[in-house]
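Here are my notes for you on this model, point by point. Keep the viewer open and click along as you read.

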Number of protein chains: 2
Amino acid sequence: MIDAAGLRVMKAIADEGSFTAAASSLGFTQPAISQMVRRLEQKTGTALVDRMGRQVRLTEAGEVLARHAVTVLSALDAAEEEVAAIAGLRSGRVRLMAFPSSSASLVPQALALLKRRFPEVTVRFSEGEPPESLAALRAGECDLAVAFAYEGTDVGRGEDLDAFVIRPLLDDEVRLALPVDHPLANSDVVDLSRAADEPWIAGCPRCRGHLVSLAYRAGFAPNVAFESEDYVAVLGLVRAGLGVSLVPDLILNSAPHEGIETRSLSPSSRRQIHAVTTEDLLRVPAVAATMEALEASAAAMRPVSTLRTP
Amino acid sequence: MIDAAGLRVMKAIADEGSFTAAASSLGFTQPAISQMVRRLEQKTGTALVDRMGRQVRLTEAGEVLARHAVTVLSALDAAEEEVAAIAGLRSGRVRLMAFPSSSASLVPQALALLKRRFPEVTVRFSEGEPPESLAALRAGECDLAVAFAYEGTDVGRGEDLDAFVIRPLLDDEVRLALPVDHPLANSDVVDLSRAADEPWIAGCPRCRGHLVSLAYRAGFAPNVAFESEDYVAVLGLVRAGLGVSLVPDLILNSAPHEGIETRSLSPSSRRQIHAVTTEDLLRVPAVAATMEALEASAAAMRPVSTLRTP
DNA sequence: GATGAGTATAAGCGGAAGTTATCGATGTGA
DNA sequence: TCACATCGATAACTTCCGCTTATACTCATC
């Protein structure tokens with residue numbers, strides 16, 4: 001019923017002492033104030049000002065409104081300022097979810113960049129493989145997901161990707177990891193079928209699926225001797241000579257890999273790393289800034305013009 | 001910039017979980033909410049809701065607004081309720097100023113009546129002779145004045161009475177007060193000139209002025225032996241035989257006057273008692289109620305059809 | 001009594017904000 | 001799997017609130 005504008009007017013009258021002064025202090029004309037007060041008076045059902053000749057004075061009810069005006073207006077200001085801080089990147093929180101093997105290099109770099117640019121933006125980071133992270137995004141539990149998709153597949157299987165904004169970040173080569181002394185290590189590019197009889201070490205479920213699919217196309221079914229979600233463990237197993245593995249190049253930039261050789265595959269295989277969010281969330285400045293930081297970090301990491309836009 | 005309506009909408013969305021539900025809870029249609037949110041978003045410069053498919057969720061900035069909405073809206077409600085209490089006579093304060101000789105009878109009765117009708121209305125009462133009370137009214141220091149004017153004069157001399165609302169309350173006969181054994185006490189009506197040689201006891205300055213003026217018209221200049229603003233003292237002096245006095249009838253209803261006789265004057269003299277306020281203040285319910293209580297008490301006090309409307 | 005300062009009122013206008021109608025997208029249930 | 005129900009977005013229209021301009025009126029002051 002009664003609104004902030006009315007309170008603002010009453011307060012201006014109380015402060016300035018006349019309708020005319022109140023009007024100019026609010027950037028209105030005098031009749032506007034006159035009408036506003038009249039409207040307020042008939043809404044509240046009592047006189048708010050006492051017009052004694054040419055000087056106006058607030059009545060008790062008028063004083064009440066002027067007094068409450070301070071509370072209401074300052075609460076409004078506080079709300080406005082808080083939102084303005086979020087809009088102006090002087091505040092804000094981003095919930096980021098990334099798959100584990102990105103946490104070591106791409107994400108830390110991006111977050112460092114973001115922190116440098118917008119120190120006040122806080123990021124809550126959690127790890128999650130693409131299916132989980134997209135589900136979290138859909139459920140409103142995170143704002144931005146870093147996910148990957150093997151060449152020829154989609155980021156999320158069975159998800160409607162139309163609802164998401166998907167930005168390519170990196171094009172990550174999948175390489176064959178071998179112990180240093182492995183016989184296959186003597187050629188630069190290894191045909192996958194030559195490793196048909198090797199024991200295999202698989203990564204995460206999707207990575208295992210990718211291996212199986214590649215092997216199928218190369219004409220064999222891989223003998224998966226071990227599997228681990230942790231690429232450090234995978235590389236350890238390879239180093240120990242317990243098998244070979246398919247490892248994204250990005251891993252090798254961050255995990256220690258002495259005692260391990262990697263070779264390009266033929267046919268080559270790649271995975272695309274994407275940042276995923278929604279159209280609305282991209283309009284949240286902190287989310288957009290994080291997205292940009294991810295894109296900038298990715299651009300700095302990859303060799304020039306390696307990225308294939310899907 | 002941002003107003004209470006916007007906050008109310010954000011809060012409704014937060015509470016109801018959808019635009020449609022928020023709309024019906026606020027009594028609007030769904031497009032109204034849709035547009036409202038869009039306006040808010042372009043005013044604040046950030047996304048406030050995340051439209052994931054057909055479910056909407058608030059963003060951080062949206063949550064901020066919904067959170068502040070509680071503060072702002074409850075402050076607005078508080079203001080409204082406080083004013084409504086004043087308008088509904090469940091609260092309110094009246095500053096009443098009355099001349100001393102009315103304080104004993106008319107005013108107490110009126111205030112008792114007011115208290116009976118509206119127990120929550122508080123009255124701050126102070127005494128003041130007409131010139132002061134009108135000045136206080138003009139200065140905004142009181143809301144309602146009980147003043148008197150001797151027949152043929154105005155309530156305030158030199159004041160512009162147009163600014164005031166003046167309501168007649170009582171028509172008070174001015175009587176001659178004598179010691180019981182005074183020779184003039186043997187006739188019902190006393191011609192003022194017969195008291196020309198008496199020593200006089202005068203009341204307040206205006207009353208003394210009235211005495212002088214009446215005496216002048218009766219052909220003598222009164223010998224004022226004593227004067228006192230306190231009518232109890234005046235009556236005491238009369239009782240002690242130190243002189244005679246002109247005393248309004250109203251006084252005799254409230255002050256003890258054993259040992260004193262009063263007689264009507266010829267030519268008769270009266271004073272009018274009025275309640276004075278401003279047009280605006282009369283629209284303040286508590287002031288109007290006090291005014292009515294005064295009028296009701298006055299009506300109860302006077303003999304039927306004694307009041308002369310000026 | 002003229003002037004200046006202040007408020008009230010009338011008339012008019014613009015735009016803000018609501019409504020209806022409709023579309024597109026998204027789950028849901030037969 | 002297709003139809004249906006639900007929800008949000010959009011467009012077009014309309015209404016009416018609230019501001020401005022213009023003017024009258026009141027009241028102090030010189």
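1. Start with helix α2 of chain B: B:Thr20 and B:Ser24 are exposed on one side of α2(B), and exposed here means over 50% relative accessible area, buried means under 20%, and partly exposed is in between (1.4 Å probe, protein chains only). On the other side, look for B:Phe19, B:Ala22 and B:Ala23, which are buried in this helix of residues 19-26. Seen down the axis, the buried residues of α2(B) fall within an arc of 100°, so they line one face of the helix. That arc is taken from the directions between the helix axis and the C-beta atoms.

2. Some ground rules before we go on. This is a predicted model, in which local features need pLDDT of at least 70 and side-chain atom pairs count only at pLDDT 80 or more, while totals for chains, interfaces and linings use all residues. Residues are numbered from 1 along each chain as its sequence is written, chains are lettered from A and ligands numbered from 1 in the order in which they are written, and side-chain values use heavy atoms, with hydrogens and water left out. Helices (H or I, at least four residues) and strands (E, at least two) are DSSP runs, numbered from the N terminus.

3. What covers the buried residues of α2(B)? The cover includes α1 (4-16), α3 (30-44), β1 (49-52) and β2 (55-58) of chain B, where contact means heavy atoms within 4.5 Å. Just after the helix comes B:Gly27, with a positive phi near 80°.

4. Now hop over to chain A and find α8 (residues 231-239). Its buried residues are A:Tyr231, A:Val234, A:Leu235 and A:Val238. They cover an arc of only 95° around the axis, which puts them on the same side of α8(A). At the N-terminal end, A:Asp230 acts as a cap, with a side-chain oxygen 3.0 Å from the backbone nitrogen of A:Val232. After α8(A) you meet A:Gly241, whose phi is positive, near 80°.

5. Check the leucines at position 89. Most residues other than glycine have a negative phi. A:Leu89, though not a glycine, has a positive phi of about 60°, and B:Leu89 has a positive phi near 60°. A:Leu89 sits in the loop between α4 and β3 (93-98) of chain A; B:Leu89 sits in the loop between α4 (60-87) and β3 (93-98) of chain B. Buried or exposed? A:Leu89 is buried, at 15% relative accessible area, and B:Leu89 is buried at 14%.

6. Next, the place where the chains meet. Chain A brings 47 residues to the contact and chain B brings 47 residues. The area buried between them is about 3,900 Å², with 62% of it from carbon and sulfur atoms; buried area is the accessible area (1.4 Å probe) that two parts lose on being put together, summed over both. In chain A, A:Met52, A:Glu60 and A:Val83 lose the most area to chain B, together 15% of what that side buries.

7. Salt bridges deserve a click too. The rule (a side-chain nitrogen of Lys or Arg within 4 Å of a carboxyl oxygen of Asp or Glu) finds six of them across the interface of chain A and chain B. In one, the side chains of A:Arg67 and B:Glu82 meet at 2.7 Å, N to O. α4(A) gives the most to the side of chain A that touches chain B, with 17 residues.

8. Zoom in on A:Glu41 and B:Arg283, a salt bridge whose closest N and O atoms are 2.6 Å apart. A:Glu41 lies in helix α3 of chain A and B:Arg283 in the loop between α10 (279-282) and α11 (285-301) of chain B, so the pair joins two chains. A:Glu41 is buried, with a relative accessible area of 6%, whereas B:Arg283 is partly exposed at 36%.

9. Last stop, inside chain B. The side chains of B:Arg271 and B:Asp172 form a salt bridge (3.0 Å, N to O). This pair links distant parts of the chain, 99 residues apart: B:Arg271 is in strand β12 (residues 269-278) and B:Asp172 in strand β6 (residues 164-179). Both B:Arg271 and B:Asp172 are buried.

Definitions and conventions: A polar contact is a pair of N or O atoms within 3.5 Å; within protein, one must be able to donate a hydrogen and the other to accept it, and residues adjacent in sequence count only if both atoms are side-chain atoms.
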